[in-house]
Amino acid sequence: MRIMGLDYGSKTVGVAISDALCLTAQGIETIQRKDENKLRKTLARIEQLIAEYEVEKIVLGLPKHMNNDIGDRAEKSLEFKEMLERRTKLEVIMWDERLTTVEAERTLIESNVRREERKKYIDKIAAIFILQGYLDSIYLKK
């Protein structure tokens, strides 16, 4: 079984996939789109990746505010969750993604990735942190 992690943004979706043992998360790609509401191609690409990697579950980042409130971005993520469940028929787990983008940015800076290049990788790295957080929580429970 593999699990997919997604960092859903207004114009991008960062994608990560677990290894077969569900121990580690690897970044796969960042799906780009021109318009926030144009999701047909994005969903089709996610379905292709689900088939290719034999994904059985999805973990989707939930961007809560630091005070735990759910704002506009989180509402859009919850709507995206419903679309994913309808299209893929897979369980979609919402995962608190607070500070994953900050952590991803820090990782890229520490890796000496130039500022112009960071935009290419930040969503994919954030998806890795979202998925790895979920995977770690599974094994902490065991």
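A residue counts as buried when its relative accessible area is under 20%, and alanine 16, at 0%, therefore counts as buried. With that cut-off in hand, here are some close-up views of this predicted model.

**View 1. Alanine 16 sits in strand 2.** Start here, with a residue whose relative accessibility is 0%. Not counting residues up to four places away in sequence, alanine 16 touches Ile3, Met4 and Gly5, then Gln26, Gly27 and Ile28, and further along the chain Ala127, Ile128 and Leu131. For a distance to check on screen, try the C-alpha atoms of alanine 16 and glutamate 29: these two residues are 13 apart in sequence and 7.3 Å apart in space.

**View 2. A polar contact joins the side chains of threonine 12 and aspartate 123.** The separation for this pair is 2.7 Å. Threonine 12 belongs to strand 2, which covers residues 12-18. Its relative accessible area is 13%, so threonine 12 is buried. Beyond the residues up to four places away in sequence, threonine 12 touches Asp7, Thr30, Ile31, Gln32, Arg33 and Asp123. Two of these neighbours, Thr30 and Arg33, have views of their own below.

**View 3. Threonine 30 lies in strand 3, residues 25-32.** Here the relative accessible area is 17%, and threonine 30 is therefore buried. Once its neighbours within four places in sequence are left aside, threonine 30 is in contact with Thr12, Val13 and Gly14, and also with Lys120, Asp123 and Lys124. Asp123 is worth a second look, since it turns up both in this set and among the residues that threonine 12 touches.

**View 4. Arginine 33 is found in the loop between strand 3 and helix 1.** Is this arginine buried or exposed? Arginine 33 has 8% relative accessibility, so it counts as buried. Follow its side chain to two backbone oxygens: that of glycine 9 is reached at 2.7 Å, while that of serine 10 lies 3.1 Å from a polar atom of the arginine side chain. Neighbours within four places in sequence aside, arginine 33 is in contact with Tyr8, Gly9, Ser10, Lys11, Thr12 and Val13, together with Lys38, Leu39 and Thr42. Valine 13 is 20 residues away from arginine 33 along the chain, and their C-alpha atoms are separated by 8.7 Å.

**View 5. Cysteine 22 has a positive phi in the loop between strand 2 and strand 3.** Most residues other than glycine have a negative phi. Cysteine 22 is not a glycine, yet its phi is about 60 degrees. With a relative accessible area of 9%, cysteine 22 is buried.

**View 6. Glutamate 54 also has a positive phi, although it is not a glycine.** The phi value in this case is about 55 degrees. Glutamate 54 is placed in the loop between helix 1 (40-53) and strand 4 (55-62). Is glutamate 54 buried or exposed? Its relative accessible area of 63% means that glutamate 54 is exposed, whereas cysteine 22 in the previous view is buried.

**View 7. Glutamate 103 is part of helix 3, residues 100-110.** At 35% relative accessibility, glutamate 103 counts as partly exposed. The companion residue in this view is phenylalanine 129, which is 26 residues from glutamate 103 in sequence. In space, the C-alpha atoms of this pair are 8.1 Å apart.

**View 8. Zooming out, the protein chain has 4 helices and 5 strands.** Read along the sequence, these elements follow the pattern β-β-β-α-β-α-β-α-α. The C-alpha trace spans about 40 × 40 × 35 Å along its principal axes. For 142 residues, a compact globule would have a radius of gyration near 14 Å, and the 14 Å of this chain agrees with that. Of the 142 residues, 44% count as buried. Among contacts between residues at least 6 apart in sequence, 62% join residues at least 24 apart. The accessible surface of the chain comes to about 8300 Å², and carbon and sulfur atoms account for 50% of that area. Charged side chains complete the overview: there are 26 positive and 25 negative ones, and the centres of the two sets lie 4 Å apart.

Technical notes: Residues numbered from 1 in each chain as written. Predicted model: local features only at pLDDT ≥ 70, side-chain atom pairs only at ≥ 80, totals over all residues. Heavy atoms only, no water. Helix = DSSP H or I, 4+ residues; strand = E, 2+ residues; numbered from the N terminus. Rg over C-alpha atoms; globule rule 2.2 N^0.38 Å. Buried < 20%, exposed > 50% of the residue type's maximum accessible area, 1.4 Å probe, protein only. Contact = heavy atoms within 4.5 Å. Areas by Shrake-Rupley, 256 points an atom, 1.4 Å probe, with all protein chains shown as cover. Lys, Arg positive; Asp, Glu negative; His and termini not counted. Charge placed at Lys NZ, Arg CZ, Asp CG, Glu CD. Polar contact = N/O pair within 3.5 Å; in protein donor to acceptor, adjacent residues only side chain to side chain.
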